[in-house]
Amino acid sequence: MNSSEPSDISFGVPSTTDTAGPVDSTGAGHIPSLHRQMGLDDNEFAAIRAILGRDPNHLELAMYAVMWSEHCSYKSSRLHLRRLPSEGKRVIVGPGENAGVLDVGDGIAIAVRIESHNHPSAIEPYQGAATGVGGILRDIFTMGARPIAVMDSLYFGPLDNPRNRWVMEGVVGGISGYGNSVGVPTVGGELSFASCYEGNPLVNVLCLGVLPVERLVLGRASGVGNLAVLMGSRTGRDGIGGVSVLASAGFKGDSGGGGPEARAEDSKRPSVQVGDPFEEKRLIEACLEILDAGLAVGLQDLGGAGLACATSETAARAGMGMDVDVSAVPLRESNMEPYEVMTSESQERMLAIVEPEKLSALEEVCRRWEVHSSVVGRVVPPDQDGIGYLRVRYGWKGQVLAEIPAASLSQSAPCYARPIQPPAKVKSLAVFQTEKTKQTSSTGAKRSSRVASSSSVYSSDLLRLIAEAGDPEWVYSQYDHQLFLNTVVGPGDDATLLRLAAPGIPWKGSAVALSVDGNPRWCALDPRAGTAATVAESVLNVACVGGRPIGLVNCLNFGNPEHPEVMWQLSEAIDGMAEACRAFDLPVVGGNVSLYNESSGIDIMPTPVIGVVGLVDQVAKRPPGARLLAGSVLLMLGTPQDQLEGSRWATELHPTQGTGMAGDTALFSLDMGRVVGLARFVAELVAEQVAQSTTEPVVTGIHDVSAGGLGVCLAEMAMRSSTGAVVNGISGHEELFSEAPCRVVLGISPSAVSQVVARAVAQGIQVTELGVARGDRLVIEKLVDLDIEELLAARKEPLALAFAH
Amino acid sequence: MVARIGVVVFPGSNCEHDVLLALGSLGARAELVWHTSQSLAGLDAVILPGGFAHGDYLRPGAIARFSPVMAGVGAMARSGKPVVGICNGFQILTEAGLLPGALQKNRGMRFICKTVQLEVSSTLSVLTKGLKRGQRLQIPINHFEGNYTCDARTLCELEEEDRVILRYVDNPNGAMGDIAGICNRAGNVVGLMPHPERSMDELSGSKDGAFLMGSLLSCIDQLELG
């Protein structure tokens, strides 16, 4: 009776009945410390006893442990997330369902969601990232939408550490291997490096799907007597405790050194799931065919917390109960315990709620797609008090192994107002004295010979910023980014632009713009203003391809919520996002919170990743893109900036020596009203142009100013088009490298300049003439003079060398 | 009578809808054919689209060659009707022995998705009949196993018989002889790694794929008339 090893006891039908409660499948009573091993604290255990009016048995406890984990229950963040605006005229489904759904007209809707797979990717990069893609796809097609696009935000530790190279190569390989094979294009994303991600990389995956509105289906187990059909892979022991043991705790051990001692994380490897994109591909096709034929009343993916989550959530949403026959679940391994079956996170599984008379038709579709299906549950009515119970049985008439109010697993999960404490001093990543750094040439860090040969400090700083950003093409050329023929603007530009179409949903001329953005440097300095600025940047990105924003999703990557400073960062970031969303009239339609991103006791920089979806009504021509066309006049729209706080230049090239602490540094200030006006103007200008296939383009190139400032903005435009520019009137570092996201550089056809300037000025937008595009050098007078080949080499070399085989 | 073109769908195929769209944009009539179909009677041409048939398990095309539909594909090839394999379809045609050689993993051991420049090096095939030798085309590739290889004698035959239809201008994957596409002796069975269906209009960046698809449709029409 005292054994604490449930695996010692083989699975079998208990022989005794217990009228006081379900029998304990382990044969053991509750072991006092068991709930703690499962990640529940004593108060949470007491709450479970209060709900049940008795001790939970092992199976019940296991289900509460996964469902009440940070990952599933958002217990530390829920209180704060309520402050985000989530309503808008296009919102069909807001936060809380598997994905947000927005009406885009003509009977068509889009479903969008973003999710993190940080901890699995830290431990097993390829499978961690691959299953991150698989999981987010299921969130989309479970709503009845065809997934048409994936985007990734990737944050790694510096590549001079071989382990970080191993992580990055595995993550990119996993996204490529799974995404390409499953047949959903990966159309964009972002790539970033900083030492805080050593040992805890961030892998955030966004997915967008398209659906006819009438195919929308929710994860609801309605209709007494309806059947719960488990489709897809067999259930194995992979991923047990993934959400609790792995996703809801930090990494304590040695994380980056790759020392000889066994890494603590290695013991968590069995909690990472293994993906099979071919199974998922068939599952997508089968599910969409089932929904098209009206064969299911509800559909729910199995992700974190597996069957326990899918059965209880579908029942709870419908106010029903569900009986689950654990013996009917097809297994990969023999002798699996019921708690393993109920909490396994085996990938590529879906739960359909089906009327009994439609079962055979559903099974026929599954057979055709070679998808396994089994009836594992039945919808049962709630009891006389209106409480729907999740009953786990062994055989339909067999013993009740668990009996839990279904809603208690999700809706009664704890919600914590954790202590919040602003740090005494903002940990400065960007403190510097302008006077001092002006005179100091960048020294110390390793640098390629090309950089060293450059004549001016401005040029060499620019080359370093280009080099250290990494070459996104190295990443996205490994992803299919064209499938479905929707990609009008692919990865590598400000935002992706996709025709709004999918197999079975013909294109009618409109397009959807997508951008994912994060900026931990800004958020570390001021999580509130930094997050607001991140939203602004994402909206400006979408505007640069002509999109007006219609919805936002977010993935909040933060450190340990038990640290009051981290909770302060989270709370501030949410308020900053809320403020920006109100300014842009942008509803938050979904989000994900990833906490405990830490290693060796050090929290990551606060990294809220923002995904903005925009709409362009009519696309007949490609947007100009971040390019330079020789002869074009270069204008900068928006107020010139000179604050370097939080910039890459200050953070990466000129970090303060010593403590790195300061209290008197503030992030740049952003006049959100002006950014709203700028984004609207830019989106209109580009949208007008792309709507016409025949007219001569007014805008010949466009790029927003963000990470790396105006210098990097111009360099990126030059590299993309192999055309140079001559720019004047930039006074120094401040104007060259300030990052405040409130400016857009435009190349304008000479004959249209006065007209564009007049329109901008009429809307209160400041216009600065920068110069002209020409030649094959980027010349910023008195500061920078670089050959484009030199820039391209700086960009390509670091990743090419890091991953040379 | 309008020609009927079948586009085969294996479990794991993913470019079938794109091929339908591309053919549709040129006014052709195309339909999906499930991989268990025993007969392709009534079809004037068949296309094996890109993707990961049967998950590319074992190796690309190794399982797909055993799908029931391949008997009909072989019969069409022998009867002189156009059979075109794009990307994974090319891999399947080599596994099925309908085209010589094999596609191995890319030099550099990474998946590559990008637009490449191709040169038409033969107009023997149904896909290139309407083009000019030496003509340059911008068309995307999207593969991990696109590195064409064959034995020396086969390569010699391919060259002598003018059966290398497309070559990479800047070889992206290590393919022998810069080969991007080949055909059989009669020119009716064609395999190519690039995806012409992905470059059918200016919005996608290039419309050069329409030359290849257009050539195929003209050949089908002529065969029908003949």
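This is a short conversation about how to read some features of a predicted model.

Colleague: I am new to this one. Where should I start, and which residues have the most contacts inside the largest nonpolar core?

Modeller: A general idea helps: in soluble globular proteins, nonpolar side chains tend to be buried together. In this predicted model, the largest nonpolar core has 330 residues. Those with the most contacts inside it are Met63(A), Met67(A), Ala352(A) and Val682(A).

Colleague: Let me pick Met67(A). Leaving aside its neighbours within four places in sequence, what is Met67(A) in contact with?

Modeller: The partners include Cys72(A) and Ser73(A), then Ala305(A), Ala308(A), Cys309(A) and Ser312(A), and also Leu409(A), Ser410(A) and Ala413(A).

Colleague: Next, the sheet. In what order do the 7 strands of the open sheet in chain A stand?

Modeller: The order is β8-β10-β7-β11-β9-β12-β13, with mixed pairing. At the edges stand β8 (298-301) and β13 (400-405) of chain A; each has a single partner strand, so one side of each is left without a neighbour in the sheet. On average, neighbouring strands are turned by 20° against each other, direction ignored. Helix α3 (residues 58-67) of chain A packs on this sheet, where it touches β12 (389-393) and β13, and its direction makes about 40° with that of β13(A).

Colleague: Could you show me pairs of strands, starting with β7 and β11 of chain A? How many bridges join them?

Modeller: There are 5 bridges between β7 (residues 227-232) and β11 (residues 373-380), and the two run antiparallel. As one example, Leu227(A) has Arg378(A) in β11(A) as its bridge partner. Now look at β12(A). Strand β9 (residues 321-325) of chain A runs parallel to β12(A), joined by 4 bridges, and Met322(A) stands opposite Leu390(A). With β13(A), β12(A) runs antiparallel through 5 bridges, and here Arg391(A) stands opposite Glu403(A). The hairpin of β12(A) and β13(A) has 6 residues between the strands, and Gly395(A) takes a positive phi near 85° there.

Colleague: Which residues point each way from β12(A)?

Modeller: Tyr389(A), Arg391(A) and Arg393(A) point one way, Leu390(A) and Val392(A) the other, and all are buried. That fits the count: 5 of the 5 residues of β12(A) are buried.

Colleague: How do I read a helix in this way? Which residues of α13 in chain A are buried?

Modeller: Compare its faces. In α13 (residues 359-368), the buried residues are Leu362(A), Val365(A) and Cys366(A). They cover an arc of only 100° around the axis, which puts them on the same side of α13(A). The face turned away from that buried side carries the exposed residues Ser360(A), Glu364(A) and Arg367(A). Among the elements covering the buried residues are β7, α10 (277-292), β10 (349-354) and β11 of chain A. Just after the helix comes Glu370(A), with a positive phi near 60°.

Colleague: And what about strand β21 of chain A: how many of its residues are buried?

Modeller: In β21 (residues 607-616), 10 of the 10 residues are buried. Strand β16 (residues 511-517) of chain A runs antiparallel to β21(A) with 7 bridges, and Ala513(A) stands opposite Gly614(A). Strand β17 (residues 548-557) of chain A also runs antiparallel to β21(A), with 9 bridges; there, Gly614(A) is the bridge partner of Pro549(A).

Colleague: Finally, how many residues of chain B are in contact with chain A?

Modeller: There are 22 residues of chain B in contact with 24 of chain A. Elements α1 (16-25), β6 (112-120) and β7 (136-143) of chain B each supply at least two residues of that side of chain B. By class, that side has 10 nonpolar, 7 polar and 5 charged residues.

How values were computed:
Residues numbered from 1 in each chain as written. Chains lettered and ligands numbered in written order. Predicted model: local features only at pLDDT ≥ 70, side-chain atom pairs only at ≥ 80, totals over all residues. Core = buried A, V, L, I, M, F, W, Y, C linked by C-beta atoms within 7 Å. Buried ≥ 20, exposed ≤ 12 C-beta atoms within 10 Å, placed from the backbone. Contact = placed C-beta atoms within 7 Å. Pairing = 2+ DSSP bridges. Axes fitted to C-alpha atoms, helices over the stretch in contact; angles between N-to-C directions. Nonpolar A, V, L, I, M, F, W, Y, C, P; charged D, E, K, R; others polar. Arc of directions from axis to C-beta.
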